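Here is a short walk through one protein model. Keep the structure in view and follow each stop in turn.

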Amino acid sequence: MSISFHPGEGLLLDYASGAIGEAWGLAIASHLSLCPTCRSTTSDMERLGACLLESIEPDPISTGSLDAVLSRLGDQADDRAALPISNPESAIPPILPQPLRGYAGGDVEQLNWKRLGLGAYHLPIQTGDDTAVARLLRIPAGRPVPQHTHQGLELTLVLDGSFSDITGRYGRGDLQEADETLEHQPHADPGIDCICLAVTDAPLRFSNFAARLVQRVINI
Ligand SMILES: [Zn+2]
C-alpha cells in the first residue's frame, strides 16, 4: 500500500500534543494505523514534547540542554512501535482500522449502514466532540458525490476502494484535507465501492439544488 496524501504537520502536532478534538483525532489515529511515515513523525513529536517537558527546571537552562535533549532522542531511537496500531498480521485484515472499529461497533460488513440514495450509504459515528461530525461513507464504485464546497474543514480518509477529484486519486490510507478554497466533485473509481471516514466541522455546501434537498433530509 502506497500512501500519497498525509495530514499536515499542524494536525499531527495537535494530535501528538493532545490538543485535537475527538472526531478529528479519530481520523488522524485511523490514518496513523495505516501510515508508518506519519506514525514515525508523530512518535518523534511525542518524544520531543516529553523531553522538553522533562527538561523544564527552575534553574536557568544550561548551554548543554539542547545536547541533552538530542542525546535522549538518540537513546530512544528504537522505541518507535508504541502507537495505537491495528493488527496488520491478522489472517483476514479488517477494512476499518482498530480505532475506528471500536467507535463504529465492528467492521464494514457488520455495520447498520443507512441508505443515502443512489446506492450510497452512511453511518454516523458518535463521539463526545460537539465541534465536528464524523461519519462513514460508502459510495458505489464509479459513482460521483455531488459537487460541493466546504464552509469549514473536512478530513476524508479512504479505507477501501478509491476516489478521484481535481486534486488527485485517493486510495486506502490517503487523507484529504479540504477547506472552503476547494470546490470539487469526488468520483468513486470503478471496481469496488469507496468506503471512507469523513469528519467535518460545518455542513457541506452543495452546488446542485437536488443535492441540497437531499442534504436537508440526511443532515450531511
Ligand atoms: Zn501519513
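**Charged pairs, a buried serine and a negative patch**

Begin at Asp44, which counts as partly exposed at 29% relative accessibility. Its partner is Arg47, and the two form a salt bridge. The closest N and O atoms of this pair are 2.7 Å apart. Arg47 itself is buried, with a relative accessible area of 10%. Why do Arg47 and Asp44 sit about one helical turn apart? They are three residues apart in helix H3, which covers residues 36-55, so about one helical turn separates them.

Now step back to the whole model. This is a predicted model. The protein chain holds six helices and 11 strands. It has 220 residues, and buried residues make up 44% of them. The protein chain exposes about 11800 Å². Carbon and sulfur atoms supply 54% of that exposed area. Contacts also tell how the chain is put together. Take those between residues at least 6 apart in sequence: 66% of them join residues at least 24 apart.

Back to the charges. Side chains of opposite charge can pair when their charged atoms come close. How many salt bridges does the count come to? The count comes to four. The pair in helix H3 is a salt bridge between Arg47 and Asp44.

Next, find Glu109 and Arg138. They form a salt bridge, with the closest N and O atoms 3.5 Å apart. Glu109 lies in the loop between helix H5 (98-104) and strand E1 (114-117), and Arg138 lies in strand E3 (residues 133-139), so the pair ties together parts that are 29 residues apart in sequence. Are these two residues buried or exposed? Glu109 counts as exposed, at 64% relative accessibility. Arg138 is buried, with a relative accessible area of 16%. The linking goes further. A network of salt bridges joins Glu109, Arg138 and Asp193.

Move on to Asp189 and Arg169. These two also form a salt bridge, and their closest N and O atoms are 3.3 Å apart. Asp189 lies in the loop between E9 and strand E10 (194-200), while Arg169 lies in strand E7 (residues 168-170), so this pair ties together parts that are 20 residues apart in sequence. Here the acidic partner, Asp189, is buried, with a relative accessible area of 13%. Arg169 counts as exposed, at 54% relative accessibility.

Now look for charge on the surface. Which residues form the negative surface patch? Glu177, Asp179, Glu180 and Asp201 do. Pick out Asp179. Its place is in the loop between strand E8 (175-178) and strand E9 (187-188). At 30% relative accessibility, Asp179 counts as partly exposed.

Finish inside the protein, at Ser30. This residue is found in helix H2, which spans residues 22-34. Its relative accessible area is 0%, so Ser30 is buried. What does Ser30 touch, leaving aside residues up to four places away in sequence? It touches Pro97, Pro99, Leu100, Leu157 and Leu197.

Look once more at the stops together. Arg47 is buried and has a salt bridge partner in Asp44. Ser30 is buried too, at 0% relative accessible area. Asp179 is partly exposed and belongs to the negative surface patch.

Key:
Residues numbered from 1 in each chain as written. Predicted model: local features only at pLDDT ≥ 70, side-chain atom pairs only at ≥ 80, totals over all residues. Heavy atoms only, no water. Helix = DSSP H or I, 4+ residues; strand = E, 2+ residues; numbered from the N terminus. Buried < 20%, exposed > 50% of the residue type's maximum accessible area, 1.4 Å probe, protein only. Contact = heavy atoms within 4.5 Å. Patch = residues over 30% accessible without salt bridge, like charges linked within 9 Å, V, L, I, M, F, W, Y side chains within 5 Å. Areas by Shrake-Rupley, 256 points an atom, 1.4 Å probe, with all protein chains shown as cover. Salt bridge = Lys/Arg side-chain N within 4 Å of Asp/Glu carboxyl O. Lys, Arg positive; Asp, Glu negative; His and termini not counted. Charge placed at Lys NZ, Arg CZ, Asp CG, Glu CD.
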